[in-house]
Amino acid sequence: MNFLTINNVETSPSVFEDVDLSDYIKAYQVDYVDIEDSSSGRNAKGVLCRDVIRTVRVINCTFRVSKQTEQELIMQATSEKSLDITYYDTATGVDTETMTVYASPTRSNNIYNAGNGVIYNEFAITFSEF
């Protein structure tokens, strides 16, 4: 099953391909988040008044321990400010949903020497719908 594919990644100069990151994902969750108007909140009687402007999709991915080449592929595929992705929607069961997202800017990652090369620890990236 393909959980997450980054579409149109420049994998080499002037070569654009879809990059399937499913094999590198350890945990995966799709959330729906309401964006509310600034006037939303509780009134003087304590009644909650919500004015939902829009609902956006957010995909939380935890990537497994990876080797140098795998880490480079993931970082290259997610480095653009705007990404077109195809993903599996766990809420609807549809595996061909597509949307434009931005990836979380925090990608700190601990590395260690495994004797035969550098290994990168698990790390998470959040993809949020524009």
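Tutor: Ala, Val, Leu, Ile, Met, Phe, Trp, Tyr, Cys and Pro count as nonpolar, Asp, Glu, Lys and Arg as charged, and the others, Gly among them, as polar. Keep that handy for this predicted model.

Student: What makes up the lining of the largest pocket, by class?

Tutor: Five nonpolar, five polar and three charged residues. The pocket holds about 160 Å³ of space. Asn 8, Val 9, Glu 10, Gln 76 and Glu 80 are the closest to its centre, out of 13 lining residues. Strand S1 gives the most, with five.

Student: Why does Ser 40 count as buried?

Tutor: Buried means under 20% relative accessible area, and Ser 40 has 17%, so Ser 40 counts as buried. Ser 40 sits in the loop between strands S3 and S4.

Student: What makes the link from Ser 40 to Asp 51 a polar contact?

Tutor: The cut-off for a pair of N or O atoms is 3.5 Å. The Ser 40 side chain reaches the backbone nitrogen of Asp 51 at 2.8 Å, so the pair falls within that limit.

Student: Why is the pair of Phe 3 and Tyr 28 called tilted?

Tutor: Planes under 30 degrees apart would be stacked and over 60 edge-to-face. Here the angle is 50°, with 5.0 Å centre to centre, so neither of those labels fits and tilted is what remains.

Student: And are those two residues buried or partly exposed?

Tutor: One of each: Tyr 28 is buried at 17%, while Phe 3, at 28%, counts as partly exposed. Both belong to one aromatic cluster with Tyr 88.

Methods: Residues numbered from 1 in each chain as written. Predicted model: local features only at pLDDT ≥ 70, side-chain atom pairs only at ≥ 80, totals over all residues. Heavy atoms only, no water. Helix = DSSP H or I, 4+ residues; strand = E, 2+ residues; numbered from the N terminus. Buried < 20%, exposed > 50% of the residue type's maximum accessible area, 1.4 Å probe, protein only. Polar contact = N/O pair within 3.5 Å; in protein donor to acceptor, adjacent residues only side chain to side chain. 1 Å grid on protein atoms, 1.4 Å probe; cavity = no way out; pocket = protein on both sides within 12 Å on 5 of 7 lines; lining within 4 Å. Points joined across faces, edges and corners; volume = space filled by probe spheres on them. Phe/Tyr/Trp six-rings, centres within 6.5 Å; stacked < 30°, edge-to-face > 60°.
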